[in-house]
Amino acid sequence: GLMANQSNDFNTPPELVSPIKEFWGGSINLDPCSNGTSIVNSLRSYSLPVNSINQGWGLAREIRTTVFVNPPYAPYYISNNGFVLSPAQYNDMLKREYSIAGADSWERYTIYSWLCKGVTESKIGCELIYLIPARGTGSMVWQCVIYPFADAVCYLKKRVPFWENGEPCKGPDGKVSPGTFDCALVYFGTEAKRFKQHFSKLGYVVIQDRS
């Protein structure tokens, strides 16, 4: 896609998809950040240019919906008619004063946007696990969303290789290359204790006491 150079099309590797599915009894109801080569195989999915932040994620208020979110890590812009641009492309468009046919409004999205959506959906029956970079813990993402609202966080102890086009990403030497930054699984749901038991093998789990 347009955003491959922004590393927004990388896929969650099987060594994380499998334990997430196990935690939820074998399947994931919704993947709102899917793409053509994803191996999450959720029951429902959305992928760009569909703007899934504007969709309702829950099946129904009474039914728990399990949602796995591996959001685009780089910021991006999406237009009212589904065009997606990186910040560089967007700034170039403004600078050169051209417009894209049919696009009259643009929204900027970041990991923060995706996590705010998760807080909203968690209040109306969704149970969510996010895979995000574990950096910038002084940022709004952590200070304003994760620490106040998430129920548990697993700080992964090893850097996992993301996948691209159905295989692990490789470095210039042709060897499988793990990510260049640490990641965390962030959980919004009612089973924080079970989350801790289940994911402790992957990293250090902190339960955030909401009592």
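Residues are taken as buried when they have under 20% relative accessible area, and contact means heavy atoms within 4.5 Å. With these terms in hand, helix 1 of this predicted model makes a good starting point. Its buried residues, L16, V17, P19, I20, K21 and F23, pack against strand 3 (65–69), strand 7 (126–133), strand 8 (152–156), strand 11 (183–188) and helix 5. Helix 1 is followed by G25, which has a positive phi near 75°.

The partnership with helix 5 can be described in further detail. Two packed helices are described by the angle between their axes and the distance between the axes. Here, the axes of helix 1 (residues 14–23) and helix 5 (residues 192–199) cross at roughly 140° and come within 11 Å; the crossing is right-handed. On the helix 1 side, P19, I20, E22 and F23 take part, and they meet R194, F195, H198 and F199 of helix 5. By residue class, this contact divides into 5 nonpolar, 1 polar and 2 charged residues.

One of the helix 5 residues in that contact, F195, also features in the largest nonpolar core. That core has 51 residues, of which W57, I129, Y130 and F195 touch the most other members. Leaving aside residues up to four places away in sequence, F195 touches F23, I129, A152, V153, C154, L185, Y187 and V205. A second core, separate from the largest one, has 7 residues, among them Y77, Y90, M93 and A103.

How values were computed
Residues are numbered from 1 along each chain as its sequence is written. This is a predicted model: local features need pLDDT of at least 70, side-chain atom pairs count only at pLDDT 80 or more; totals for chains, interfaces and linings use all residues. Side-chain values use heavy atoms; hydrogens and water are left out. Axes are lines fitted to C-alpha atoms, for helices over the stretch in contact, and angles run from 0 to 180 degrees between N-to-C directions. Helices (H or I, at least four residues) and strands (E, at least two) are DSSP runs, numbered from the N terminus. A crossing is left-handed if the near helix is turned anticlockwise from the far one by less than a right angle, and right-handed if clockwise. Ala, Val, Leu, Ile, Met, Phe, Trp, Tyr, Cys and Pro count as nonpolar, Asp, Glu, Lys and Arg as charged, and the others, Gly among them, as polar. A nonpolar core is a set of buried Ala, Val, Leu, Ile, Met, Phe, Trp, Tyr and Cys residues joined through side-chain atoms within 4.5 Å. Buried means under 20% relative accessible area, exposed over 50%, partly exposed in between (1.4 Å probe, protein chains only).
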